[in-house]
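Reader: I should be grateful for a close look at a single part of this structure, followed by an account of how that part relates to its surroundings. Please keep to what the coordinates support.

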Amino acid sequence: MTQPLAAAQPRVVVLDYGSGNLHSATRALRAAGADVTLTADAAAALAADGLVVPGVGAFAACMEGLSAVGGPAVIRERLDAGRPVLGICVGHQVMFGHGVEHGLDAAGVGVLPGVVERLHSERLPHMGWNTVDAPADSTLFAGLVGERFYFVHSYGVRSADGLPTDARVTWTSHGGDRFVAAVEHGPLSSTQFHPEKSGQAGAALLRNWIATLR
């Protein structure tokens, strides 16, 4: 008897623009069931089933690297066409309008309104595991109520002012200051934490995202 063909793995591009966590994100996505390519090629990034934009370091430096490979235009074109994009850490932050770090106000990709600013906490950076408060209809966090995720950052989005009313916003807090932990809006998903460093919970979140690409 002929065996049925296995379903093809969703094709995911991790955008290579010099960010430091590219390879760990690539490995985690492969382990979660995606066919992953690490590349700066805009055509490949546009054609993939899903695009992942990682990021570590300073907002302005990440935007400079992203702009050097045409990343903002690729992200906007994909989202305009309803094609999924996942931002991680500073890759999440740059989706917003601008970031203010060390007195420097840098423009972001701007697909979400908002400002990335220093958290109002005496204990920075925020480094370690934290629970999140996700909306009941979240796709990313389905089956993950009460799980902890790994954060490493000192900056974040502290207000939902201006975000679309249909955006699903996940919150968390550190040192008494509340900030956005994740956003899901149409084809755009983004997380302030690192799912690729968040153990089984992070792997499950990546599988949830990959499942939307089929």
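Reader: Is F193 buried or exposed? Please begin there and then describe the aromatic residues around this position.

Author: In this predicted model, F193 has a relative accessibility of 0% and therefore counts as buried. The threshold for that term is a relative accessible area under 20%.

The aromatic surroundings come next. F193 belongs to one aromatic cluster, together with F141, F149, F151 and F179. Across the whole structure, a search finds six aromatic pairs. One of them joins F141 to F149, with 5.5 Å from centre to centre and 85° between the planes, an edge-to-face arrangement. Both of these phenylalanines are buried. F141 also pairs with F193: the ring centres are 6.0 Å apart and the planes stand at 65°, so this pair is edge-to-face. The reasoning rests on the cut-off for the angle, since planes over 60 degrees apart count as edge-to-face. For F141 the relative accessible area is 5%, and the residue is therefore buried.

The location of the two rings gives the pair a further aspect. F141 is in the loop between β8 (126–131) and β9 (148–153), whereas F193 is in the loop between β13 (188–191) and α6 (199–211); the pair therefore ties together parts that are 52 residues apart in sequence.

The helix that follows the loop of F193 may be considered next. G199 lies in helix α6, and with a relative accessible area of 44% this glycine is partly exposed. Its C-alpha atom is separated by 8.6 Å from that of Y150, a residue 49 positions away along the chain.

A further aromatic ring has a charged neighbour. R178 lies over the face of W171, at 3.6 Å from the ring centre.

Some features of the backbone also deserve attention. Most residues other than glycine have a negative phi, and most peptide bonds are trans. Against that background, the peptide bond from L124 to P125 is cis, with omega near 5°. P125 lies in the loop between β7 (112–118) and β8. C89, although not a glycine, has a positive phi of about 55°. This cysteine is found in the loop between β4 (85–88) and α5 (90–93), and its relative accessible area of 3% makes it buried. H102, likewise not a glycine, has a positive phi of about 50°. The loop between β5 (96–101) and β6 (104–107) is the place of H102. This histidine is exposed, with a relative accessible area of 74%.

Finally, there is a contact between two helices. Helix α3 (residues 59–68) packs against helix α4 (residues 71–80) at an angle of about 75°, and their axes are 6 Å apart. The two helices are therefore roughly perpendicular to each other. On the α3 side the contact involves M63, L66 and S67, which meet G71, P72 and I75 of α4. Of the residues in this contact, four are nonpolar, two are polar and none is charged.

To return to the starting point, F193 is buried at 0% relative accessibility, and its edge-to-face pair with F141 lies within the aromatic cluster that also contains F149, F151 and F179.

Key. Residues numbered from 1 in each chain as written. Predicted model: local features only at pLDDT ≥ 70, side-chain atom pairs only at ≥ 80, totals over all residues. Heavy atoms only, no water. Phe/Tyr/Trp six-rings, centres within 6.5 Å; stacked < 30°, edge-to-face > 60°. Buried < 20%, exposed > 50% of the residue type's maximum accessible area, 1.4 Å probe, protein only. Helix = DSSP H or I, 4+ residues; strand = E, 2+ residues; numbered from the N terminus. Lys NZ or Arg CZ within 6 Å of the ring centre and 35° of its normal. Axes fitted to C-alpha atoms, helices over the stretch in contact; angles between N-to-C directions. Parallel < 35°, antiparallel > 145°, perpendicular 65-115°, else oblique. Contact = heavy atoms within 4.5 Å. Nonpolar A, V, L, I, M, F, W, Y, C, P; charged D, E, K, R; others polar.
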